[in-house]
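Subject: Structure for your bench work

Hello,

Here is the structure I said I would pass on. My notes on what I found in it follow below.

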Amino acid sequence: MGRGVTDRPDVVIVGSGAGGAAAAFALTEAGLRVLLLEAGPRFDPARDYPMTQTDWERRLFPAPPGSRGDILYGDLGALDPADAGLQSYNAVRPRGAPGRVRLATTGYSHVRGVGGSTLHYVGEAQRLHPGSFHLRRDHGAGGDWPLSYDDLAPYYDQAERLIGVAGPAMQTGRPRTAPFPQTAHPLNPAARRLVEAGARLGLPFEANSRAVLSEPMDGRPSCNYCGQCSRGCPLGDKGSADVTFLRQAEATGRLTVLTGAEVTRIETAPGGRIAAVHVVRDGLTARQETPVLVLAAGAVQTPRLLLASAAPDVPEGVANGSGQVGRNFMETLGWLGTALVPGLTDSHKGLPADAVSWAENAPDGVPGAIGGCRYTSSVLESGLSGPASYASRLVPGHGAAFQARLRAVFGSAVTVGAIGAVLPDARSRVTLHAERRDANGVPLPVVSSVLTDNSLTLLRHMAARGRALLQEAGGGELLEQVSSWDRFAATHVFGTARMGVDSASSVTDAHGRSHDHGNLWIADASLFPTSGGGEGPSLTIHALALRAAERIAAGG
Ligand SMILES: Cc1cc2nc3c(=O)[nH]c(=O)nc-3n(C[C@H](O)[C@H](O)[C@H](O)COP(=O)(O)OP(=O)(O)OC[C@H]3O[C@@H](n4cnc5c(N)ncnc54)[C@H](O)[C@@H]3O)c2cc1C
Ligand code: SF4
């Protein structure tokens with residue numbers, strides 16, 4: 001085994017995504033020397049982002065070797081035919097008989113690389129609803145955060161300033177002490193239709209808060225509305241972690257980022273402190289000692305690493321005295337529906353998820369279910385931005401008639417996307433596979449995630465409201481429906497090392513510090529005790545990481 005990969009860092013961070021990058025920023029700003037170990041590569045936008053290629057629409061993201069991890073799937077739940085109306089289909093591949101179990105189609109979408117999954121993210125920058133912090137206290141289900149919205153608000157402010165969030169003058173349901181740093185983006189034609197339809201249905205839409213610049217900032221230009229945020233932003237106006245937190249942290253001269261560096265084990269020392277991490281890079285293993293370790297590998301890889309680091313003194317895994325590591329996994333409960341609106345043009349232009357409805361996002365926002373949901377204008381988010389997507393999903397057929405139809409309808413799609421709350425369930429968790437391992441010998445993670453009755457109630461409601469919105473917007477037949485009923489396709493995952501007051505039922509305290517190991521901190525989506533009502537999690541991850549880093553820099 002080799003010696004440490006760098007000299008005496010004050011803090012080692014594992015993972016450079018939404019949480020790791022924000023922690024690196026705050027720690028280096030505070031004068032600490034940080035070593036950031038990132039399993040994936042550093043992306044080169046000119047080479048790796050498909051928007052620079054003529055066949056951009058056909059290219060998958062992320063593409064560079066090593067930019068996705070191997071994940072296995074366990075129990076994803078059985079399908080009740082009574083809900084077959086929620087089955088996923090499109091006009092080109094109509095629905096057949098429903099299967100018997102949910103399938104991991106795209107599975108957990110994520111990125112291994114400098115910036116983590118924020119390279120892929122759309123950039124919705126949303127605070128959680130204040131009520132989501134007290135779900136168990138107020139509604140008797142889910143979990144409670146050991147902190148409140150007000151505790152997190154200053155860190156939300158800081159994160160919004162740093163990444164440059166553009167938003168409306170007033171935002172529903174989220175108290176603010178200052179306006180958004182940038183003015184909201186203009187709405188695209190599809191979103192404007194949903195604003196009108198939502199107003200008539202009692203589901204008011206407003207401009208979404210977006211980590212996308214409407215004015216140049218810090219050498220980053222404003223958005224050109226190419227609409228392809230989830231394919232990697234070629235301009236750098238999207239507030240992904242690489243061009244925001246990490247760029248500023250590297251400018252301090254106190255951050256060292258090592259790419260292709262997979263942490264394979266956490267080593268504990270007598271007395272319960274963390275002694276070192278074991279890192280494999282270029283086929284060589286090194287042991288890196290550290291005074292402080294921050295884990296920010298995401299809600300699948302963080303529990304995997306903690307569980308895989310079991311040793312005689314920590315037989316159930318590191319930081320797992322509560323037995324909660326890997327438990328309480330929460331996925332993305334989603335519904336997406338698309339219809340064509342005769343006469344509408346240019347719906348393929350603009351910014352994804354530019355309009356949002358928060359009307360049902362409070363924990364009691366949906367009758368009969370706990371947790372709430374929100375709706376967005378999602379035509380670009382769903383990828384209906386070029387002719388190939390229309391041809392492969394919305395316009396069946398071939399030959400001259402097909403071409404004429406494609407020309408006639410291109411740019412007239414409207415899509416409603418809905419995301420809802422997920423409550424923790426004993427069956428939903430991340431475990432280690434008994435035999436299968438990655439190239440460096442670490443057991444592969446197995447994600448199990450089932451839909452509870454609460455999820456199904458929410459999903460039925462989201463689908464009904466989504467269909468009503470499309471109809472009210474002038475949409476014809478529902479040409480595409482994608483739903484969590486039969487597909488596990490998560491972009492937001494949470495909960496697998498949750499924070500809490502009680503060390504018997506949670507993994508960390510209110511600052512993300514392990515109850516079991518005084519120099520181990522967690523700063524990623526694993527910490528969430530509740531999922532929120534469909535909000536994008538990244539802004540909350542940033543805020544938690546900034547808050548944890550402040551505490552670490554102050555001496556813990
Ligand atoms: C298509 C898509 C759209 C999304 N849209 C939004 C949105 O609009 N708004 C929003 O808020 N969120 C969105 N998200 C979700 C958001 O990207 C994630 O919630 C967020 O990035 C999670 O942050 P994290 O720090 O927990 O993990 P990540 O950002 O995934 O970072 C984890 C990092 O750790 C590294 N790592 C893992 N294991 C190891 C190891 N053993 N050793 C070293 N490094 C390791 C990984 O390579 C990765 O870089 C979207 C996600 C996707 C995929
Ligand atoms: S729409 Fe704007 S933020 Fe999104 S990829 Fe294009 S330029 Fe970047």
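In which strand is W335 found? The answer is β14, which covers residues 333-340. Please keep in mind that this is a predicted model.

W335 has 28 C-beta neighbours inside 10 Å, and 20 or more are enough to be called buried, so W335 counts as buried. Leaving out residues up to four places away in sequence, W335 touches A418, L459, M462, A463, G466 and S483. One of these partners, G466, is 131 residues from W335 in sequence, yet the C-alpha atoms of the two are 8.1 Å apart.

The chain as a whole

The protein chain contains eleven helices and 22 strands. Of its 556 residues, 56% are buried. Its radius of gyration is 22 Å, which agrees with the value near 24 Å for a compact globule of 556 residues. Along the principal axes, the C-alpha atoms fill a box of roughly 70 × 50 × 50 Å. If you take the contacts between residues at least 6 apart in sequence, 76% of them join residues at least 24 apart.

Ligand 1

Ligand 1 is surrounded by 41 residues, and the closest are G15, G17, G116, G536 and S538. Four elements give two or more residues to this shell: α1, β10 (261-268), α7 (298-308) and α11. Which of the elements gives the most to the shell around ligand 1? That is α7, with four residues. By class, the shell around ligand 1 holds 15 nonpolar, 21 polar and five charged residues.

Ligand 2

Around ligand 2 there are 13 residues, with C223, C226, C229, C233 and K238 the closest. This shell consists of eight nonpolar, three polar and two charged residues.

Helices α1 and α11

Two of the helices that contribute to the shell of ligand 1, α1 and α11, also meet each other. The axes of α1 (residues 18-29) and α11 (residues 538-553) come within 8 Å and cross at roughly 35°, and the crossing is right-handed. On the α1 side the contact is made by A18, G19, A22, A23, A26 and L27. On the α11 side the residues include S538, I541, H542, A545 and L546. S538 is also among the closest residues to ligand 1. The residues of this helix contact divide into twelve nonpolar, three polar and one charged.

Regards

Methods:
Residues numbered from 1 in each chain as written. Chains lettered and ligands numbered in written order. Predicted model: local features only at pLDDT ≥ 70, side-chain atom pairs only at ≥ 80, totals over all residues. Axes fitted to C-alpha atoms, helices over the stretch in contact; angles between N-to-C directions. Left-handed = near helix turned anticlockwise from the far one by under 90°. Contact = placed C-beta atoms within 7 Å. Nonpolar A, V, L, I, M, F, W, Y, C, P; charged D, E, K, R; others polar. Near = placed C-beta within 6 Å. Rg over C-alpha atoms; globule rule 2.2 N^0.38 Å. Buried ≥ 20, exposed ≤ 12 C-beta atoms within 10 Å, placed from the backbone.
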